[in-house]
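Student: I am new to this structure and would like to look closely at one part of it, the second of its pockets by size. Please lead me through it slowly, and then show me what goes with it.

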Amino acid sequence: MRNTESHNRESSNPKEILVWDWPTRAFHWSLALTFLGSWITAEAGLEWASTHMLLGYMTLSLLLFRILWGFVGTRHAKFSSFLVSPRVFFSSLQNLFSRRSEDHIGHGPSGGWATVLIISVLLVQAISGLFISDDIFNDGPYHGSVSDGVASFMANLHHLNFNLILCLVALHLSAIGWFQFGKNQALTKAMLLGKKTGPAVLGIQSSQTLKALSIFFVCASIIWLIVWLAPEPVYLF
Ligand code: HEM
Ligand code: HEM
């Protein structure tokens, strides 16, 4: 783990540089949409259950992609570029509420750990969904493969963890709002267009499109296989 790359806004010779490759940006906005869709379809009633599951599989594919991209993706998308040690993380909290602080080229220390936390809780949510049932018409693909005890544990997890996700998303949006308007750092524009102002040496040269598309194809295929290979449920009545 290392310190994140930061610079002062007045640093010499700042330019518009590419920071977020398009696969990371597409991941982010697709994740926000599949999350919103999963929430809406969970509330919308029984006839939306299969759409809910489909959106869950898309969420799983996206998360798997982002985890791999965190190891082999572009410079600022890599976990090693933004996961700082606990010491650096806690000392960065002292500056969190100060209006003037360094800009980070990729994720700052708190944004970095928040990224891992949000990915983890969404992973728990989507994986637990595979094992549960609404006890009427709709079963996750592996509901029939586990005992009633495990299925009921997963159902409680799916229910309780969702409340945690809602809290984290609210915190995420408040943090982005604070950085945007309190600290005057245009993080949302960067997540949309990929660019920030900074020294040219810190920019990335390309989005590595072919590599990203290949990895995403593999991830989506793995999730499709996992669902497709699920055993047919056995009903005893
Ligand atoms: C990140 C993705 C997901 C989110 C945000 C999500 C969210 C939710 C929420 C909020 C509920 C209502 C929970 C309750 O009222 O207790 C629910 C129910 C449900 N979800 Fe998901 N879910 C996701 C993924 C999945 C997946 C992948 C599956 C299965 C393939 C799944 C299957 C179900 C089922 C069967 C129910 C009904 C459970 C019941 O009625 O007790 N979910 N989900
Ligand atoms: C309108 C709504 C949203 C806005 C404006 C927004 C904005 C942002 C911004 C600006 C960043 C980059 C932060 C940084 O520079 O350190 C970010 C990162 C992130 N956001 Fe959001 N976000 C939104 C909704 C969501 C939702 C609903 C989720 C998940 C359910 C989410 C999950 C994430 C994740 C996982 C990252 C890390 C991205 C990565 O490195 O791959 N965001 N968001």
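Tutor: Four helices, α1, α2 (49-72), α5 (109-129) and α6, each supply at least two residues of the lining of the second largest pocket, where helices (H or I, at least four residues) and strands (E, at least two) are DSSP runs numbered from the N terminus. Of these, α2 gives the most, with 7 residues.

Before going further, note that this is a predicted model, in which local features need pLDDT of at least 70 and side-chain atom pairs count only at pLDDT 80 or more, while totals for chains, interfaces and linings use all residues. Residues are numbered from 1 along each chain as its sequence is written, chains are lettered from A and ligands numbered from 1 in the order in which they are written, and side-chain values use heavy atoms, with hydrogens and water left out.

The pocket has a volume of about 820 Å³, a volume being the space filled by probe spheres set on grid points that are joined across faces, edges and corners. A pocket here is an open set of points on a 1 Å grid over the protein atoms alone, where a 1.4 Å probe fits and protein lies on both sides within 12 Å along at least five of seven lines; lining residues have an atom within 4 Å of a point. There are 31 lining residues, and A42, H52, Q125, I132 and H158 are the closest to the centre. Sorted by class, the lining has 16 nonpolar, 13 polar and 2 charged residues; Ala, Val, Leu, Ile, Met, Phe, Trp, Tyr, Cys and Pro count as nonpolar, Asp, Glu, Lys and Arg as charged, and the others, Gly among them, as polar.

Two of those central residues have a further part to play, since H52 and H158 are, each through NE2, the protein donors of the iron atom of ligand 1, lying 2.0 to 2.1 Å from it. Donors are N, O and S atoms within 2.8 Å of the metal (3.2 Å for Na, K and Ca), and water is not among the atoms, so sites may look incomplete. The site of this iron atom has 6 donor atoms with angles of 84 to 179 degrees among them, which makes it octahedral, a word used for six donors if opposite ones are over 155 degrees apart and all others between 65 and 115. Because H52 lies in helix α2 and H158 in helix α6, the pair ties together parts that are 106 residues apart in sequence. H158 is buried, with a relative accessible area of 17%, whereas H52 is partly exposed at 23%; buried means under 20% relative accessible area, exposed over 50%, and partly exposed in between (1.4 Å probe, protein chains only).

The iron atom of ligand 2 can be described in a similar way. Its protein donors are H28 (NE2) and H172 (NE2), lying 2.0 to 2.1 Å from it, and its site is octahedral, with angles of 87 to 179 degrees among its 6 donor atoms. This pair also links distant parts of the chain, H28 being in helix α1 (residues 22-43) and H172 in helix α6 (residues 148-182), 144 residues apart. H172 is partly exposed, with a relative accessible area of 29%. For contrast, E232 in the segment after α8 (209-228) is exposed at 70%, and the C-alpha atoms of E232 and H172 are separated by 39 Å, at 60 residues apart along the chain.

Returning to the helices of the lining, I127 has its place in α5 and counts as partly exposed at 37% relative accessibility; the C-alpha atoms of I127 and L33 are 18 Å apart in space, while the two residues are 94 apart in sequence. The loop between α5 and α6 holds D135, which has a positive phi of about 65 degrees although it is not a glycine, and which counts as exposed at 68% relative accessibility.

To place all this in the whole, the protein has 8 helices and 4 strands, running from the N terminus as β-β-α-α-α-α-β-α-α-α-β-α. Its C-alpha trace spans about 75 × 40 × 30 Å along the principal axes, and buried residues make up 41% of its 237 residues.

Definitions and conventions: Tetrahedral: all angles 85-135°; square planar, octahedral: opposite > 155°, others 65-115°.
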